[in-house]
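Visitor: I've got a new model to look at. Take me through it, please, and keep it relaxed.

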Amino acid sequence: MKILLTTVYDYPHAGGLSTHVTTLKAGLEAQGHTVDVLSFSDVPFLKQMFLAQGPSNIVNRIKKGRGIMLGLYARQLLLQKLIEKHKKRGYDIINAQDPYATLASIPSGIPTVSTAHGYLSYEAVSKGSVKANSEEAKLLQNKEIISFQKTRRVITVDQRIKQYVSDVAGIEGTAIRNFIDVEGFKPDVENRSLYKEKHQVDNEKKVLFVPRRLTKKNGVIYPALAMKKILTRYPETLLIYAGSGEDLPEIERVIKEDGIEKEVKLLGAIPHEKIKEYYSFSDIVLIPSIHSAGVEEATSISALEAMGSGSPVIACAVGGLKEIINDDVDGILVEEQNVDALADAVIRLFDQPELASEYAIKARAKIEAEYSHIAAAKKYAEIYEDVLGKK
C-alpha cells in the first residue's frame with residue numbers, strides 16, 4: 001500500500017505524536033509499504049507565519065482561545081492544499097493523526113482513517129490555552145466530534161480514549177496501544193559511563209530522569225518537590241529534566257526556593273535520538289502524570305521507551321500508565337500528586353538496587369512481547385486493508 005500520514009502539527013518535533021508517526025512509518029515500511037508524511041512543517045515558512053501563526057497570536061491576545069481555533073483552522077486549510085498537491089502520487093489511504101488533519105484529509109477523496117492520541121479540547125484547557133467551559137472549548141470539542149464521525153475508522157492509543165470517542169461521538173474505535181522501536185530503545189549499560197562523561201554527569205551520581213514535556217498534565221513539578229526528601233537520604237542524587245513547556249517557571253521556582261540548583265539539570269527539549277543516551281545511565285525514570293482538566297495520560301511513549309531501555313520506572317497510577325506497568329512486578333505505580341509517595345518509591349529502589357534491576361529486566365521482556373512497532377504496524381495495516389475492502 002501507499003500510505004500517507006498527515007498532521008497539522010510540526011513534524012518532526014519533540015513530542016509523543018511525532019515519535020508515534022516516526023515509529024509507525026518505520027514499522028509499515030519494514031512490511032514493504034510506502035509511507036510519506038505531510039505536516040505543517042511542509043508549508044512554506046512565510047505562509048506558516050502570515051497565514052497561521054501570526055493571526056493566531058494576534059487574535060489570541062484579543063480573546064483567549066479564539067486565536068488557537070483560528071490557527072488550527074488555518075493549518076487545516078494549508079494542509080488540505082498540500083494533500084491536494086501531492087495526491088497524484090497515488091496514495092491508497094491516509095492515516096490522519098489529529099482532528100484537524102482528518103478534516104484536511106477527507107476532501108481529497110482518499111480513504112481516511114484517524115488516530116486519536118488524546119483529548120483536543122481538554123488538553124487545550126489543561127495547558128491554559130483555552131478557558132474551561134468556554135465557547136472555544138465547546139467549539140474545539142465539536143471539531144473533534146465531527147472528525148470522529150466523518151472518518152472511515154478511529155484508532156485510539158488506549159482504552160480510555162476509545163471510551164471518550166464512544167461517549168462524545170457515538171463511534172466505536174479500535175484501541176491499539178502505543179509502541180516503540182524495540183531495537184532502537186534497548187539496554188545499553190556498556191556505554192553508561194561513556195554517556196555520563198559526554199553529558200558531564202559525575203559517575204558517582206544517582207540519576208533520576210524525567211523525559212517529559214513540561215506541561216501540567218505531566219505532573220513535572222512533583223519530582224522537583226520530592227527532591228528535598230530524597231536528598232536527605234541520598235545527597236548524591238541528580239534530577240534531570242528533558243523537555244520544554246509552560247510549567248518551566250514553576251519548576252525553576254521550586255528549585256530556587258529549595259536551594260537545589262546543583263542537584264537539578266534542565267536540558268530543555270533535546271533530540272529524540274539523544275534521549276537514548278540519558279536512559280542508558282538513568283538509575284530511575286519518573287513519569288509523574290496527573291489528571292488535569294479531564295486529561296489522562298495515554299500509553300506513554302516515554303514510559304515505554306524507558307522500560308524498553310532497561311530503566312526502572314516509577315509512574316503515577318493514572319490513565320494508560322496503569323495498562324503499561326504492573327505495580328511491584330515490572331515497575332512502581334504511586335498515587336498522583338503525592339510527593340511523599342514519589343520520594344519513598346525512589347528511596348526504596350535506591351535502597352534495593354537488586355529489586356530495581358529485577359523490575360527493569362521484566363519491563364524489557366514485556367516491551368519486547370507486547371509493544372513492538374512491527375507488531376503494531378501489522379495491526380494498523382490490517383485496519384487499512386479492511387477499510388479498502390482488501391480483507
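Guide: Vocabulary first: helices (H or I, at least four residues) and strands (E, at least two) are DSSP runs, numbered from the N terminus. This is a predicted model, so local features need pLDDT of at least 70 and side-chain atom pairs count only at pLDDT 80 or more, while totals for chains, interfaces and linings use all residues. Residues are numbered from 1 along each chain as its sequence is written, and side-chain values use heavy atoms, with hydrogens and water left out.

Visitor: Where is Thr23, and is it buried or exposed?
Guide: Thr23 sits in helix 1. Buried means under 20% relative accessible area, exposed over 50%, and partly exposed is in between (1.4 Å probe, protein chains only). Because its relative accessible area is 9%, Thr23 counts as buried.

Visitor: And what does Thr23 touch, leaving aside its neighbours within four places in sequence?
Guide: Contact here means heavy atoms within 4.5 Å. With neighbours within four places set aside, the partners of Thr23 are Phe179, Ile180, Asp181 and His373.

Visitor: Which residues does UniProt list for "domain: Glycosyltransferase subfamily 4-like N-terminal"?
Guide: UniProt positions are in the numbering used here, feature names are shortened, and annotations may be inferred rather than shown by experiment. The stretch in question is 56% helix and 11% strand, with its end C-alpha atoms 20 Å apart. The UniProt record, an unreviewed entry, gives residues 15-183.

Visitor: How far apart are the end C-alpha atoms over residues 194-364?
Guide: That is where UniProt, again in an unreviewed entry, places "domain: Glycosyl transferase family". The chain there is 44% helix and 14% strand, and the end C-alpha atoms are separated by 22 Å.

Visitor: Which members of the largest nonpolar core touch the most other members?
Guide: A nonpolar core is a set of buried Ala, Val, Leu, Ile, Met, Phe, Trp, Tyr and Cys residues joined through side-chain atoms within 4.5 Å. In soluble globular proteins, nonpolar side chains tend to be buried together. The largest core has 36 residues, and the members with the most partners in it are Leu208, Tyr241 and Ile314.

Visitor: How many residues are in the second core?
Guide: Tyr241, from the largest core, touches Val210, Leu214 and Ile251, among others. The second core is separate and includes Ile180, Ile270, Ala303 and Ile325; its residue count is 32.

Visitor: How many salt bridges does the structure hold?
Guide: The cut-off is a side-chain nitrogen of Lys or Arg within 4 Å of a carboxyl oxygen of Asp or Glu. By that rule the structure's total is 24.

Visitor: How many residues apart are Glu135 and Arg66?
Guide: These two form a salt bridge, with the closest N and O atoms 3.3 Å apart. Glu135 is in helix 6 (residues 135-150) and Arg66 in helix 3 (residues 66-86), so distant parts of the chain are linked, and Glu135 is partly exposed at 46% relative accessible area. Arg66 is partly exposed too, at 29%. Along the chain, the separation of Glu135 and Arg66 is 69 residues.

Visitor: Which helix holds Lys198, the salt-bridge partner of Glu277?
Guide: The N to O distance in that pair is 3.1 Å. Glu277 lies in helix 11 (residues 272-281), so the bridge ties together parts 79 residues apart in sequence, and the home of Lys198 is helix 8.

Visitor: Are Lys366 and Asp330 buried or exposed?
Guide: They meet in a salt bridge at 2.7 Å, N to O. Lys366 is in helix 15 (residues 353-370) and Asp330 in the loop between helix 13 (321-324) and strand 12 (332-334). Both Lys366 and Asp330 are buried.

Visitor: Which peptide bond is cis, with omega near -5°?
Guide: Most residues other than glycine have a negative phi, and most peptide bonds are trans. Look in the loop between strand 1 (2-6) and helix 1 (16-30), where Pro12 sits. The cis bond runs from Tyr11 to Pro12.

Visitor: What is the phi of Asn133, roughly?
Guide: Asn133 is in the loop between helix 5 (120-126) and helix 6, and it counts as exposed at 70% relative accessibility. Although Asn133 is not a glycine, its phi is positive, at about 60°.
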